[in-house]
Amino acid sequence: MSPEIYTEKVSVNINTATLDELQTLPNIGAVIAQRIIDYREENGAFTAVDQLLNIKGIGEATLDKFRDRVSVSPPEGSETTATEEEHE
């Protein structure tokens, strides 16, 4: 029996990913992974993958290498109810 080759790409939620999980993305090493975490902690959860372009060291070409492997699902336990603005 030959080993199976898995071509399915695992999605990384950039709102909950650890340093190690972020480093599984192409061209993302420890320094950029830490910048992503720092950005997330300072600015809150990502709402769009394109916000990664705000991270020093991530440009369009780099993002295009892993765009299809990241998601921005809200972190577990975060509020998903309507905002106050919607109630005005």
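Which side chain does Arg-67 meet in a salt bridge at 3.6 Å, N to O? That partner is Glu-60, and the pair belongs to a wider network covered below. A quick caveat before the details: this is a predicted model. The protein has 88 residues, with 4 helices and 2 strands. Much of what follows turns on helix α2, a nonpolar core, and a cluster of charged side chains around Arg-67.

**Overall layout**

- Reading from the N terminus, the elements go β-α-α-α-β-α.
- Buried residues account for 27% of the chain's 88.
- The accessible surface is about 6,400 Å², and carbon and sulfur atoms own 49% of it.
- If you take the contacts with a separation of 6 or more, 51% of them are between residues 24 or more positions apart.

**The nonpolar core**

- The largest nonpolar core has 19 residues, and the ones touching the most other members are Leu-22, Ile-36, Leu-52, Ile-55 and Ile-58.
- Two helices, α2 (30–43) and α3 (60–66), each put at least two residues into this core.
- The top contributor is α2, which gives 5 residues.
- Take Leu-52 as one of the well-connected members: once neighbours within four places in sequence are set aside, Leu-52 is in contact with Ile-14, Ile-36, Phe-46, Ile-58, Leu-63 and Phe-66.
- Ile-36 is another of them, and this residue sits in helix α2.
- How accessible is Ile-36? Its relative accessibility is 1%, so Ile-36 counts as buried, the cut-off being under 20%.
- Not counting residues up to four places away in sequence, Ile-36 touches Leu-22, Phe-46, Leu-52, Ile-55 and Ile-58.
- For a distance to check in your viewer, try Ile-36 and Thr-18: they are 18 residues apart in sequence, and their C-alpha atoms are 9.9 Å apart.

**Helix α2, side by side**

- From first C-alpha to last, the 14 residues of α2 reach 20 Å, close to the 20 Å expected at 1.5 Å a residue.
- The buried residues of α2 are Ile-32, Ala-33, Ile-36, Ile-37, Tyr-39 and Arg-40.
- Why do they lie on the same side of α2? Because they cover an arc of only 160 degrees around the axis.
- Part of the cover over these buried residues comes from α1 (19–22).
- Turn to the face pointing away from the buried side of α2 and you find the exposed residues Val-31, Glu-41 and Glu-42.

**Salt bridges around Arg-67**

- The structure holds 3 salt bridges.
- As background, side chains of opposite charge can pair when their charged atoms come close.
- Asp-50 and Arg-67 pair at 2.5 Å, N to O.
- That pair links distant parts of the chain, 17 residues apart: Asp-50 is in the loop between α2 and α3, while Arg-67 is in the loop between α3 and β2 (70–71).
- Arg-67 also meets Glu-60, at 3.6 Å, N to O.
- Asp-64 and Arg-67 form a salt bridge too, at 3.4 Å, N to O.
- Since they share partners, these bridges join Asp-50, Glu-60, Asp-64 and Arg-67 into one network.
- Are these side chains buried, exposed or partly exposed? Asp-50 is partly exposed, with a relative accessible area of 41%, and Arg-67 is partly exposed at 30%.
- Glu-60 counts as partly exposed at 46% relative accessibility, and Asp-64 is partly exposed as well, with a relative accessible area of 48%.

**Backbone angles worth a look**

- Just after α2 comes Gly-44, which takes a positive phi of about 85 degrees.
- Asn-27 has a phi near 65 degrees, a positive value in a residue other than glycine.
- Where is Asn-27? Look in the loop between α1 and α2.
- At 48% relative accessibility, Asn-27 counts as partly exposed.

Technical notes:
Residues numbered from 1 in each chain as written. Predicted model: local features only at pLDDT ≥ 70, side-chain atom pairs only at ≥ 80, totals over all residues. Heavy atoms only, no water. Core = buried A, V, L, I, M, F, W, Y, C linked by side-chain atoms within 4.5 Å. Buried < 20%, exposed > 50% of the residue type's maximum accessible area, 1.4 Å probe, protein only. Contact = heavy atoms within 4.5 Å. Areas by Shrake-Rupley, 256 points an atom, 1.4 Å probe, with all protein chains shown as cover. Salt bridge = Lys/Arg side-chain N within 4 Å of Asp/Glu carboxyl O. Expected span 1.5 Å × (residues − 1). Arc of directions from axis to C-beta.
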